[in-house]
Amino acid sequence: MKQFFDKPNVQYWGKIIGKTVFYFGILLMLIYLYHYKNIDGGSFIYNEF
């Protein structure tokens, strides 16, 4: 098994796939946070007076 992961070709593709998964996770987190915040926002506090 260790011989399989020591191959340069496997290390190259492993890094690319790992970075893709990592940045995809960050992108999903940013989309979730952007949606959670509700870009329209609430009502302005002084409009109620």
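The points below go through the fold, the exposure, the aromatic pairs and the surface of this predicted model.

1. Overall fold. The chain is built with 2 helices and 0 strands. Helix α1 covers residues 2–5 and includes F5, while helix α2 runs over residues 8–37 and includes L33. V10 also belongs to helix α2.

2. Burial across the chain. Of the 49 residues in the chain, buried residues account for 0%, a figure that should be kept in mind when reading the accessibilities quoted in the later points. The area exposed by the chain comes to about 5,300 Å², and 68% of that area is supplied by carbon and sulfur atoms.

3. The annotated span. UniProt, in an unreviewed entry, places the feature "transmembrane region" at residues 12–34. In the model, residues 12–34 are 100% helix and 0% strand, and the C-alpha atoms at the two ends of the span are 33 Å apart. The annotation is taken from the record, whereas the helix content and the end-to-end distance are computed from the predicted coordinates.

4. Aromatic pairs. How many aromatic pairs does a search of the whole structure find? The search returns 3 aromatic pairs. One of them joins F4 and F5 in an edge-to-face arrangement, with 5.3 Å from centre to centre and 75° between the planes. Y12 and W13 also form a pair, which is edge-to-face because the planes of the two rings stand at 80°, with the ring centres 5.3 Å apart.

5. Exposure of the paired rings. F4 has a relative accessibility of 43% and therefore counts as partly exposed, and F5, with a relative accessible area of 45%, is partly exposed as well. Y12 is assigned to the partly exposed class because its relative accessibility is 49%, a value that falls short of the cut-off of over 50% used for exposed residues. W13 is likewise partly exposed, at a relative accessible area of 46%.

6. Contacts between the two helices. Once residues up to four places away in sequence are set aside, V10 touches F4 and F5. Seen from the other side, and with neighbours within four places again left out, F5 of helix α1 is in contact with V10 and Q11. Is V10 buried or partly exposed? V10 counts as partly exposed because its relative accessibility is 23%, and the buried class requires a value under 20%.

7. Nonpolar surface patch. F22, Y23, I26, M29, L30, Y32 and L33 together make a nonpolar surface patch of about 750 Å². Among these residues, L33 lies in helix α2, and its relative accessibility of 43% is why L33 counts as partly exposed. For a reader comparing the patch with the annotation, the UniProt feature is the "transmembrane region" placed at residues 12–34.

Definitions and conventions. Residues numbered from 1 in each chain as written. Predicted model: local features only at pLDDT ≥ 70, side-chain atom pairs only at ≥ 80, totals over all residues. Heavy atoms only, no water. Patch = residues over 30% accessible without salt bridge, like charges linked within 9 Å, V, L, I, M, F, W, Y side chains within 5 Å. Areas by Shrake-Rupley, 256 points an atom, 1.4 Å probe, with all protein chains shown as cover. Salt bridge = Lys/Arg side-chain N within 4 Å of Asp/Glu carboxyl O. Buried < 20%, exposed > 50% of the residue type's maximum accessible area, 1.4 Å probe, protein only. Phe/Tyr/Trp six-rings, centres within 6.5 Å; stacked < 30°, edge-to-face > 60°. UniProt positions renumbered as here; feature names shortened; annotations may be inferred. Contact = heavy atoms within 4.5 Å.
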